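Colleague: Could you take a newcomer slowly through the metal site and the ligand beside it, explaining each term as you go?

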Amino acid sequence: MRALLLVDLQLDFMPGGALAVRDGDTTVAVANALMPRFAHVACTQDWHPADHGSFASQHPGRKPGEVVDLHGLQQVLWPDHCVQDTAGARFHPDLRLPADAIVFAKGQDRTVDSYSGFFDNGRRNATGLGDALRARGVRDLAVLGLATDYCVLFTALDAVDLGFAVTLVVAGCRAVDLAPGDGDRAIERMRTAGVRIATELGELA
Ligand code: VGL
Ligand code: ZN
């Protein structure tokens, strides 16, 4: 059984959003085109409390893009984004999710960020996504979304660790690229870890 996993297709990561990823909205059409081909659709949703420790606003004198120690883990600081129950945390309105799509929120613990849809960055807690996919008999996962160099990267790496056969849908991903080339390096990291890199949608047939 295979599933399509949509990572953080939320307004704050799209043009006009708080943590806008360049061309982030182009991923929505790719997701819409692919969803009907999959028996199961799962989504992650970045879902932070307003005082989340990854927000630069919570660190006086610090700016987005700087790196701090957050309770023992290196943390890139971000603008406030995907705050629970705000408009920016919603999925893009053009996204045509099936009624039985499963949604897993992440990043609710203010003390630790959660790039992966499976575990927080300290790997202390699981979101439940891995068990939910297994319960549906899913063994193959196609992954797309935002952003290539953060949440897509760590979601795909954890999926490989959990034993799923993982394909990255490159056309459905866009990178933050805090440093030029971060997105391309993330793709190489995924490839090295055993992720199949699909550059043509036909490869997902
Ligand atoms: C993300 C930075 C902070 C992502 C989420 O979805 O890639 N990046 N929170
Ligand atoms: Zn976040």
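Modeller: In sequence, the donor residues of the zinc ion (ligand 2) follow the spacing D-x1-H-x32-H, where donors are N, O and S atoms within 2.8 Å of the metal (3.2 Å for Na, K and Ca), and sites may look incomplete as water is not among the atoms. The model is predicted, so local features need pLDDT of at least 70 and side-chain atom pairs pLDDT 80 or more, whereas totals for chains, interfaces and linings use all residues. Residues are numbered from 1 along each chain, chains are lettered from A and ligands numbered from 1 as written, and side-chain values use heavy atoms, without hydrogens and water.

The protein donors of the zinc ion are Asp46 (OD), His48 (NE2) and His81 (NE2), at 2.0 to 2.2 Å. Asp46 and His81 are also among the residues around ligand 1, as are Asp8, Trp78 and Cys151, each having a heavy atom within 4 Å of it. This shell holds eight nonpolar residues, one polar and two charged, with Ala, Val, Leu, Ile, Met, Phe, Trp, Tyr, Cys and Pro counted as nonpolar, Asp, Glu, Lys and Arg as charged, and the others, including Gly, as polar.

A nitrogen atom of ligand 1 lies 3.1 Å from a side-chain N or O atom of His81, while one of its oxygen atoms is 2.7 Å from such an atom of Asp8; both pairs are within the 3.5 Å set for polar contacts between N or O atoms.

Definitions and conventions:
A polar contact is a pair of N or O atoms within 3.5 Å; within protein, one must be able to donate a hydrogen and the other to accept it, and residues adjacent in sequence count only if both atoms are side-chain atoms.
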